[in-house]
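Reader: I am new to this structure and would like a close look at a single part of it. Please choose one helix, and describe with care what surrounds that helix and how the rest is arranged.

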Amino acid sequence: MVGHLLEVKNLEVEFTTYAGVVKAVRGVSFEVDPGEVVALVGESGCGKSVTAQSIMQLIPSPPGKITGGEIIFDGENLLEKNEHQMQKIRGNKIGMIFQDPMTYLNPVLSIATQVTENLRLHKGMSKKEAMERAVELFHLVGIPDPEIRLKQYPHQFSGGMRQRVMIAMALACEPKLIIADEPTTALDVTVQAQILELLKELKDRFQTAVILITHDLGVVAGQADRILVMYAGQIVERGTLDEVLKTPQHPYTWGLLKSVPRLDADKSRKLTPIWGQPPDLLQEFSYCPFMPRCDYAMAICAEEMPPFFNGGRARCWLNHPQAPKVEFKKEVS
Amino acid sequence: MFNYIVRRLLYSLAALLVVVTVTFLFMHIIPGGPFQREKALPEAIRKNIEARYKLDQPLHIQYIDYLSHLIRGDLGPSYKYRGMTVNDIIRERFPVSVELGTVAILLALFLGIPSGILAALHQSKFPDYLVMFFSTIGIAMPSFVIGTLLMYFLSYKWGLLPSATWGSPQHVIMPAIALAGLPTAYIARLTRSSMLEVLSQDYMKTAIAKGLPRRRILWVHGIKNAIIPVVTYLGPLVAGILTGSFVVENIFAVPGLGKHYVTSIYNRDYTVILGVTIFYCVLLIFMNLLVDLVYPLIDPRIKLAERKEQV
């Protein structure tokens, strides 16, 4: 395990609200190796976006605050860097693709300005060089007629095209890592597939590592090398794509897999949602936070926070050697 | 674009006709006339004068007569200032109001926009409270109070600036500050609220994620979005301030158009009232048109052809 590109160690993030301190991320640790796609999966509010934005230090502060841990990127702890040093990393070494291309592009600046500005800033390119690079990028991300399109404004682009612009912007400086925060959530299903295909193609071509944040396991299945499942600010299961999808070990992951709609399933198969609500992140957990929603909860689950079992695969007492054996009914492959 | 401007000007003409007609009628509804004095003029002389200015004609004849002159750009003679036409008066007085108004508007912009941004950047902290405190005062305190206070301290107490009249650059300072008070406060508040909205927009996060320096994020990505409400306000503001403020010009004895406008109403100087009203109207229409033409330059989503025409 030499040379992780990114290493997140025990990250803790809090938000101060009127109701109290919300602990959004509670000791998250993971690594990303060069050229690898790591998916962060979980329902809304589980802390996956906050984790990703913490890497770039995009958490609005106040109310947000990174209260603990280390984020080591390329051998340097990003949390020790000042604002000016972070500016040299953002958009240059780490690119970011956001969820909603409709609102994440500035409506009053031309596409050319928005695509070329970080090239000029980080790479010191002249206006002409940056424009040439932008044309090249638009070819890469599959936007036809780049010369014309660059002169236009965001409102003249469709949602899918805007997301391509966002991807072009993120790729501009050839970053080592791209953080894609639900890149397809706001798009039509057909466009989603195109964008995912594009991301995959570009990743293979540039050997860029990707952190893919999503709540859609369908998105993950086609893309990721490894999966991290998050719940209530913690990672509850982690493993390679095959491990997590084929032999999931946490009941929460089982629940997620059962709630994926499938085209090829016979009509008698019902979608099984995960009942209940995610827990209130204002509170501290001395027990398993998934316990109240878990079909397999045992006495120990309400008493003690489970550690990672099976070489760090899942945080669930069911994996304890003395726990009763519960088999996940493999309806989903 | 060209069609749009032509269409707008045609609409403006209609609006102008309404203004002329209403002002004309109201003016004649007010009791009294331009040649009524406390000491009544001899009947024969009064009749003579009225005949000379065609005031003895029926109202509709006077109206048509006025319009026919107006079309030729002739606003008629002043009844009060013998030998001067309304055109002369505007030509003479307007530059003074323009000078004062330009200084006041520049003051309002250069003070209002930065302090609005400052307040937005430090929301609910000291700079915000400071800016909001002064802008509340600026909105609440009438210009004559500001003017009088300035005059009391700067001229009477400390003798730094001339208290009144016109002529040197020093004369401009106090009336300009008094005139700029309200617009400065208003622009600061407008800028603050629109900047706050812009700061929370997603595209600002994109700008940060691209590693842009704070300066560029604010002045390129932020301000262009935040400035639109200020531009909207600027149209009528410029027209209003350029035609002069009666109150401020009166306090500081500035020989501007605003002072003259109100005096003309006391005097029932019909042609001056009408002439200056029309002038103000044209200026307002022109400024609003200018603002509408500027919008698409700031926000490319605004297309002139699709806009509903408003005058």
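Author: What follows starts from one helix of chain B and then moves outward to its neighbours and to the two chains.

The model is a predicted one, and the part chosen is helix α8 of chain B, which spans residues 202-209. This helix is mostly covered, since six of its eight residues are buried. The buried residues are B:Tyr203, B:Lys205, B:Thr206, B:Ala207, B:Ile208 and B:Ala209. Just after the helix comes B:Gly211, whose phi is positive, at about 80 degrees.

What do the buried residues of α8(B) pack against? Their partners come from both chains, namely β6 (94-97) of chain A together with α9 (214-226) of chain B. These two neighbours can be taken in turn, beginning with the helix.

Two packed helices are described by the angle between their axes and the distance between the axes. For α8(B) and α9(B) the angle is about 145 degrees, and the axes lie 11 Å apart; the crossing of these two helices is right-handed. On the side of α8(B) the contact is made by B:Tyr203, B:Met204, B:Ala207 and B:Ile208, while α9(B) contributes B:Ile217, B:His221 and B:Gly222. Sorted by class, this contact of α8(B) with α9(B) has five nonpolar and two polar residues, and no charged ones. An α-helix has 3.6 residues a turn, so residues three or four places apart point the same way. Of the residues that α8(B) brings to the contact, B:Tyr203, B:Ala207 and B:Ile208 also belong to the buried set of the helix.

The other neighbour, β6(A), is covered on both of its faces: A:Ile94 and A:Met96 are buried on one side, and A:Gly95 and A:Ile97 are buried on the other. Within chain A, β6(A) pairs with strand β7 (residues 177-181) in the parallel sense, over four bridges. In this pairing A:Ile97 stands opposite A:Ala180 of β7(A).

That pair belongs to an open sheet of six strands in chain A, with mixed pairing and the order β6-β7-β8-β3-β9-β10. At the edges of the sheet stand β6 and β10 (234-240) of chain A, and each has a single partner strand, so one side of each is left without a neighbour in the sheet. From one strand to the next, the twist averages 15 degrees. Toward the β10(A) edge, strand β9 (residues 226-231) of chain A pairs with β10(A) in the antiparallel sense, over six bridges. There, the bridge partner of A:Met230 is A:Ile235 in β10(A).

The view can now widen to the meeting of the two chains, where 25 residues of chain A are in contact with 18 residues of chain B. On the side of chain A that touches chain B, the elements giving two or more residues are α2 (83-89) and α3 (111-123) of chain A. Of these, α3(A) gives the most, with four residues. By class, the residues on this side of chain A divide into 13 nonpolar, eight polar and four charged.

Taken as a whole, chain A has ten helices and ten strands. Its radius of gyration is 21 Å, close to the 20 Å that the globule rule gives for 333 residues, so chain A is as compact as a globular protein of that length. Along the principal axes, the C-alpha atoms of chain A fill a box of roughly 65 × 50 × 45 Å, and 45% of the 333 residues of the chain count as buried. Among the contacts in chain A with a separation of 6 or more, 65% are between residues 24 or more positions apart.

Chain B, to which the chosen helix belongs, has 13 helices and zero strands. The C-alpha atoms of chain B fill a box of roughly 85 × 60 × 30 Å along the principal axes, and 34% of the 311 residues of chain B count as buried. Among the contacts in chain B with a separation of 6 or more, 74% are between residues 24 or more positions apart.

To return to the starting point, α8(B) is a mostly covered helix, and its buried residues pack against α9 of chain B and β6 of chain A.

Notes:
Residues numbered from 1 in each chain as written. Chains lettered and ligands numbered in written order. Predicted model: local features only at pLDDT ≥ 70, side-chain atom pairs only at ≥ 80, totals over all residues. Buried ≥ 20, exposed ≤ 12 C-beta atoms within 10 Å, placed from the backbone. Contact = placed C-beta atoms within 7 Å. Pairing = 2+ DSSP bridges. Nonpolar A, V, L, I, M, F, W, Y, C, P; charged D, E, K, R; others polar. Rg over C-alpha atoms; globule rule 2.2 N^0.38 Å. Axes fitted to C-alpha atoms, helices over the stretch in contact; angles between N-to-C directions. Left-handed = near helix turned anticlockwise from the far one by under 90°.
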